[in-house]
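Colleague: Hi! Could you walk me through this structure?

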Protein chains: 2
Amino acid sequence: MGRAVEIVEPGGRRWRGTLVPSHEMSGARIVQLKLESGYNVGLAISPDFRVELLLPGPDPEEPRTREPAPGASATPVGPPKDSVDLLTTGGTIASRVDYRTGGVRPVRDEREILAFYPDLAKGGKVRIVPVLDRLSEEIVPADWELLAHRVAESFADGARGVVIAHGTDTLGYTAAALSFLLADLPGPVVLVGAQRSPDRPSSDGVSNLSAAVRIARETDLGEVVVVMHAGTSDGRFAIHRGTKVRKMHSSRRDAFRSRNTAPIGHLDAGEVRLEEPYRPSSKGPTHVEGRLDPRGALVWFYPGLDPDRVADLVRDLRGVVLAGTGLGHVSSAHLGWIRQAVARGVVVAMTTQCLEGEADPYVYSTGRELLRSGVVYLGDMLPEVAYVKLLWALGASEEPSEVARRLREDRAGEVSARHLVREP
Amino acid sequence: MGRAVEIVEPGGRRWRGTLVPSHEMSGARIVQLKLESGYNVGLAISPDFRVELLLPGPDPEEPRTREPAPGASATPVGPPKDSVDLLTTGGTIASRVDYRTGGVRPVRDEREILAFYPDLAKGGKVRIVPVLDRLSEEIVPADWELLAHRVAESFADGARGVVIAHGTDTLGYTAAALSFLLADLPGPVVLVGAQRSPDRPSSDGVSNLSAAVRIARETDLGEVVVVMHAGTSDGRFAIHRGTKVRKMHSSRRDAFRSRNTAPIGHLDAGEVRLEEPYRPSSKGPTHVEGRLDPRGALVWFYPGLDPDRVADLVRDLRGVVLAGTGLGHVSSAHLGWIRQAVARGVVVAMTTQCLEGEADPYVYSTGRELLRSGVVYLGDMLPEVAYVKLLWALGASEEPSEVARRLREDRAGEVSARHLVREP
């Protein structure tokens, strides 16, 4: 074990945890800390760092904060350091313009992908594994399970990290699904897409993919992340947690945004920086934990939504996620079907259609009434992520109370302990 | 008529239109321009302004850019300048903490409202008109029609502007509904809410309401707008167009954000500035144009959404707005019910669940196929706004093609000619 320390960043932010060996990350000098939550955080070394030793160690006079004790180990073992698997699924990143119709169509041939991305394997071995060949709006929950198994196989075959090229339309949903399905990841799983097709001069596919491969190869992330352009400058990419990201614009390159949290890190001007706590890679082996039960739905509430129609909709479902207004409200006209559904064992969960902030039942009488009616409040979980998690929780248990317990419990960073109040 | 000019702002933005008399707006020196679109824009005078006369006028040597020709008239006539009606509907702005339960409950007594806001009428007459007394998640489309009629009555009774105090949960939906229902507004209709109840020290109700009353009293807006805190500083409020605004956070004071456009203006440090084009007040009389047909629905698409369930849902509806992925896509499994519904005369419209950017059918094969199947693409209209507009368009005609035409046609700024690429 490393030393237990508290580090105070120049800005005043405090981190308490145990020092672990730093990985080489883009040559940046990083102190890596394992937090009490089990997550790691990488902190760029600055001269204004304040480090406090929390427990007496063998040599308290010389707290070696920048050189962690030898033998400390959270380092992933096994796979060769440079081998990355690229799983392709279709989508714009593997599409091209059909000059007959002017529309964009998926390419179905692995060689075509390499033709678009000739520099792909420059930094190390990249093995291309075609899994699906469709636009992402065609992807269904069964595909998420297939992808999860393929990711597990890639790691079993010795990949250091896995990149998944995916259409951007439902990329966020797939990232959430893999986050719930995959356990004990020995390396990063990086989803990446393109907003413009690779045969267009303005394509973002090449730079996004090359950023994704670097992050899969060079970081010790043990999480599913989404890597896409950030902001308007060419060389900046965000590393979003797979359960906290959403496509927030239909066409911009920087359409993907983390909600209720900052991105885990960035690749900026050639340097990878992990700036927020993350789950480090495990010793593996990774495995697919659970399965998805499709008997769940997502319902967006709005004024005039007919309670009878929702009652019909949930008749043979086992669970439903509501995207309510504000802090997680629906009109009292919906209490009837909610109570009947809960009595039948249907899990009714609540999120907020604001997308930012929390669903909180304790502020208004409406929330208290919904809570009393058996609605499960999911804090700052995104509605779409809550829907994906519902299918996973339903797959894990037949028992409504156990499904509700799993829904509420943080599994892959989908619920923030406290959400950061930052501008988007 | 005033002079036709082109004004180039210091930043390079160009405005072409006709000068109209400036109103006194918070003492700021403003040049007001009527654009060719019929909208007005107020530009703060700066020494770096460049003004070009476009047509020969009676005195081309002296383009009186800052003193419009006398007799020019877009000024609203009639109501006394200082009289504002405050319509109350319930919601946090007219709620208080129930110290028995700790929850927040609406107040039902007009005197209680005045007790919270003793300074309300400081700047001029404010008449309180209770209309509803419920939290906004309880509001239904029939309430939007009632409110529209009450607004028209207020103007008929001589109000210069109307403020509507409304719960924030569905405030955006009501703002959109009033934008479509009210025609020829002779003054501003300002919706305002509070994120914290007025008996709490941190309440934003007092400052929001006082900003709303000032904007209703001092501007020549002929539109429905939403006025709420902007950003984190205390004295800054945004004036959002009623059809372009959405609650984007469940609890922040600055939860309301304009999407795909900048706010029309701000009240900042005591000054009202109208920075973007707006529709100026009409000579009136205002009237409620049309009615709402509740046989419409909003359906959020997601991977795994069962096409049969949606087919059931739309069985006895006249229209449905889809919130598709990306540029406005759903999986091809949904083409069946879409084609059948369209054949039956159901209007199927498409928006994007990204919330920003446009639904555009011409980029991908999926969009082209949906377009061929009869789906009406609604550009950058927000899904919730499109749903509200659908009810209004259904109320206006029995003919699907006419409903579709009205849905697509801009009525109250809900579709931007081109959306601005600005950070939120």
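Modeller: Sure, we can talk about how the chains fit together and then visit a few spots in chain B. Keep in mind that this is a predicted model.

Colleague: Okay, what rotation puts chain B on chain A?

Modeller: A rotation of 180 degrees, with 0.0 Å of shift along its axis, superposes chain B on chain A with an RMSD of 0.1 Å. The two copies are thus related as by a two-fold rotation axis. In chain B, the C-alpha nearest that axis belongs to Trp300(B), 3.3 Å from it.

Colleague: And how many residues does the contact take from each chain?

Modeller: 52 residues come from chain B and 52 residues from chain A. On the side of chain B that touches chain A, the elements giving two or more residues include strand 20 (296-300) and helix 8 (383-396). That side of chain B divides into 23 nonpolar, 17 polar and 12 charged residues.

Colleague: Why do you say the copies meet through the same surface?

Modeller: Because 100% of the interface residues of chain B are also interface residues in chain A.

Colleague: New topic: is helix 3 of chain B mostly covered or open?

Modeller: Helix 3 (residues 171-181) of chain B is mostly covered, with 11 of its 11 residues buried. Among them are Tyr173(B), Ser179(B) and Phe180(B).

Colleague: How far is Gly413(B) from Ser179(B)?

Modeller: They are 234 residues apart in sequence, but 9.0 Å apart in space, C-alpha to C-alpha. Gly413(B) sits in the segment after helix 9 (400-408) of chain B.

Colleague: Is Gly413(B) buried or exposed?

Modeller: Gly413(B) counts as buried, because it has 21 C-beta neighbours inside 10 Å and the cut-off for buried is 20 or more. Leaving out residues up to four places away in sequence, Gly413(B) touches Arg241(B), Thr243(B) and Lys244(B).

Terms used. Residues numbered from 1 in each chain as written. Chains lettered and ligands numbered in written order. Predicted model: local features only at pLDDT ≥ 70, side-chain atom pairs only at ≥ 80, totals over all residues. Least-squares fit on C-alpha atoms with pLDDT ≥ 70 in both. Contact = placed C-beta atoms within 7 Å. Helix = DSSP H or I, 4+ residues; strand = E, 2+ residues; numbered from the N terminus. Nonpolar A, V, L, I, M, F, W, Y, C, P; charged D, E, K, R; others polar. Buried ≥ 20, exposed ≤ 12 C-beta atoms within 10 Å, placed from the backbone.
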